[in-house]
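Dear colleague,

I am passing on the structure we spoke of, and my notes on it come after it. Please read them with the coordinates open beside you.

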Amino acid sequence: MHGRSQSVRIGEAISAVAPVISGVPQGSVLGSTLFLLYINDIADIFNDLSVSLSLFADDLKLYTYYKLDASHNDLQMAIDRLIEWASLWQLQLASSKCSAFRVSNPQGRVADDVASKTYDLDGVVLPFTDYVRDLGIYHDSRLKYDKHISFIVHHR
C-alpha cells in the first residue's frame, strides 16, 4: 500500500499526521491476524542454520548453542538474514533495543573464540548484557535468579 498515514487521538487532541510505510493497524479487530500473516515467513529464513527463534508479540529472540569445537557463525548469519528480511518488508529494527546474552556452563568454561565473539546488527555491535528479563523474569548468564529475587524484594 502506498499513501497511508496515521495520527493519534486522545480525547479531543489529535497529533500531526505521519506517513506509514509498513506494518498493520494497531488496535483493530484484525490487527493480530494481519500481523501474524505479515511475519508468517520469518522462521523460514533460518531453516538451514542451527538457530532457533522465539516470537512474542513484536519481539524476536534468536538463540543457538555452541559446542566448544564447533563453528560459531550461524547466529551472525541469522542476524544478517533478519536484516535482509526486515528491509524487504520495510520494517525498521530497533538496534538500540537489541543486545546479546551468553549463557555458559556452571564451571565458566568458555572457549576463547566464543568469549571474544561479537555480533552486529546492520553495523551496530550488539552489547552483551549481564542479565536478561524474559517474560518478567530476570536471570543471569548462569541461569540464576538472584537479580529477579533482588528486584522483587526491593521494588514492593
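The notes below go from the whole chain to one hairpin and then to a patch on the surface.

Please keep in mind that this is a predicted model. The protein chain has four helices and ten strands, and from the N terminus on these elements follow the order β-β-β-β-α-β-β-α-α-β-β-β-β-α. Of the 156 residues in the protein chain, 21% are buried, while the accessible surface comes to about 11800 Å², with 55% of that area belonging to carbon and sulfur atoms. Among the contacts in the protein chain with a separation of 6 or more, 45% are between residues 24 or more positions apart.

As for the hairpin, strand β5 (residues 52–56) and strand β6 (residues 59–63) run antiparallel and are joined by five bridges, with Leu53 standing opposite Leu62 in β6. Two residues lie between β5 and β6, and Ala57 in this turn has a positive phi of about 55°.

On the surface, a nonpolar patch is formed by Val29, Leu30, Leu34 and Leu37, which together have about 440 Å² of accessible area. Val29 belongs to the loop between β4 (18–19) and α1 (31–39). Is Val29 buried or exposed? Its relative accessibility is 82%, and because the cut-off for an exposed residue is over 50%, Val29 counts as exposed.

With best regards

Technical notes. Residues numbered from 1 in each chain as written. Predicted model: local features only at pLDDT ≥ 70, side-chain atom pairs only at ≥ 80, totals over all residues. Heavy atoms only, no water. Patch = residues over 30% accessible without salt bridge, like charges linked within 9 Å, V, L, I, M, F, W, Y side chains within 5 Å. Areas by Shrake-Rupley, 256 points an atom, 1.4 Å probe, with all protein chains shown as cover. Salt bridge = Lys/Arg side-chain N within 4 Å of Asp/Glu carboxyl O. Buried < 20%, exposed > 50% of the residue type's maximum accessible area, 1.4 Å probe, protein only. Contact = heavy atoms within 4.5 Å. Pairing = 2+ DSSP bridges.
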